[in-house]
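Colleague: I have a structure open and some terms I would like explained. Can we go through them one by one?

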Amino acid sequence: MNLIEMENVSKSYGKQNVLDNISLNLPQGHVMGLLGQNGAGKTTLLKLCLGLLKADSGNIQVMDAPAWELTPAIKEQLGYVAQKSDTLHWMGVRQLLDYTGAFYRKWDNTKVTALMHRWQLDPKSKVSDLSEGQKQRLAIIQAIGHNPKLLILDEPVASLDPVLRREFIRELIDINIENNTSVLFSTHILSDLERVASDIAILRQGHICCQGSLDDIKERYVRLHLRSNSPLPRELPVQGLLHVEYSAHHLRALAENPDMEVISALEKQLNATAHIEPLGLDDIFLELHK
Ligand SMILES: Nc1ncnc2c1ncn2[C@@H]1O[C@H](COP(=O)(O)OP(=O)(O)OP(=O)(O)O)[C@@H](O)[C@H]1O
C-alpha cells in the first residue's frame, strides 16, 4: 500500500513552473529522502502532500484520500516539521507540548517528556528564547509525539549539531521500526540520508530525475574509467554514458547501468583497461546536476 501517491502533478507560482508532471509513490514503511538544489521545489512538493498547497493539475492521494481534502481522522495520523515555524513563540516548551498533545488522542506523554529531557530542552524556557537548533528539536518532538503513520519533514536537521543529528536519525529509525511509520523528508545532508533512507527521489528543473531504492541507485550509477597507452576515440559505443571527460589516454564518465560485456569487448578492441568506480550518493547527486 502507498501512503502517498502523486500522479502527473504540476504546480506553478505565477509564470514560474516549479513542479512539472511529477509522479511519486511512498510505500508504507518506507523512508524516502527528497533531494534537490535550493529552489528545486522540495518544500512545494511536501506542502502539496499535506494539503497546504493545491496542485494546478494531477492527482495526489494521501492514505487513500485526496491531499486537498484530508479528513481530521487522516490529519491525526500525520506528523509534519516545517522548514521554519515561529507560531506560538510566546508559550513555554512544556506548555507548547501539552497544547499540541491536546489535539491528539494517541499522544505519548511519556515518550515526549523523555525526548524533551534527552534533547536538553528546558520545559520552562519560552519558545521565543530558544536557539534555532532547540526550536527544531521542539518541532520534531511535536511532530512525533503521537506516533504518526506518516511523517513529513522539511529539512528537519538543518540547524542541529552532529551529535543531535545522529540522535534524531536514531529516533527516526526507531519510529520507523516500532510503528512502521512512513517518512518523506527533504535534506541537503546526504550522509544522514544514507543512514536512514530506503528510497531516494531527486528533484531537478521541475522533474524527478532519479528515483528508486538507495541500493538500486548506487548500483545504477557508477564511474567508468578507461585507460590506454594509445589515444582513445572520442565516441564510444557504450549506452548510458553521461558527462564524458577525455584526455588522450583516459576516459572518465558517469555511466548508467553500463553493459559490462560491451566494455570488456572495448578493452580488447582498444587495448585498454576499464575500471568501474562505485559512487557515493553525494557524487551521484553532483554528477546528475552537471
Ligand atoms: N509562495 C510562493 N510564491 C512564489 N514563489 C514561490 C513561493 N514558494 C516558493 N516559491 C518559489 O518556488 C521555487 C521552489 O521553492 P521551494 O521552497 O519549493 O524549493 P526548495 O527545494 O524547498 O528550496 P530550499 O532547498 O531552498 O528550501 C523557488 O524558486 C521559490 O522562490
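**A salt bridge in a helix**

Modeller: Lys-135 and Glu-132 are 3 residues apart in helix 5 (residues 132-144), so about one helical turn separates them. Helices here are DSSP runs of H or I with at least four residues, strands are runs of E with at least two, and both are numbered from the N terminus. The model is predicted: local features need pLDDT of at least 70, side-chain atom pairs count only at pLDDT 80 or more, and totals for chains, interfaces and linings use all residues. Residues are numbered from 1 along each chain as its sequence is written, and side-chain values use heavy atoms, without hydrogens and water.

Colleague: Why is the pair Lys-135 and Glu-132 called a salt bridge?

Modeller: A salt bridge needs a side-chain nitrogen of Lys or Arg within 4 Å of a carboxyl oxygen of Asp or Glu. The closest N and O atoms of Lys-135 and Glu-132 are 3.8 Å apart. That is within 4 Å, so the pair counts. Side chains of opposite charge can pair when their charged atoms come close. The whole structure has 14 salt bridges.

Colleague: What makes Thr-43 a polar contact of the ligand?

Modeller: A polar contact is a pair of N or O atoms within 3.5 Å; within protein, one must be able to donate a hydrogen and the other to accept it, and residues adjacent in sequence count only if both atoms are side-chain atoms. An N or O atom in the side chain of Thr-43 is 2.8 Å from a ligand oxygen, so the pair passes. Ala-40 has a backbone N or O atom 3.1 Å from a ligand oxygen. For a polar side-chain atom of Glu-155, the distance to a ligand oxygen is 3.4 Å.

Colleague: Which residues around the ligand come nearest?

Modeller: Gln-16, Gly-39, Lys-42, Thr-43 and Thr-44, out of 14 around the ligand. To be near, a residue needs a heavy atom within 4 Å.

Colleague: How many residues put domain 1 and domain 2 in contact?

Modeller: The chain is divided into domain 1 (2-205) and domain 2 (219-288), with bounds from an automatic or database domain assignment. Contact means heavy atoms within 4.5 Å. By that rule, 9 residues of domain 1 touch 4 residues of domain 2.

Colleague: What is the area buried between domain 1 and domain 2?

Modeller: About 590 Å², with 83% from carbon and sulfur atoms. Buried area is the accessible area (1.4 Å probe) that two parts lose on being put together, summed over both. In domain 1, Leu-190, Glu-194 and Ile-202 lose the most, together 62% of what that side buries. Between the domains there are 0 salt bridges.
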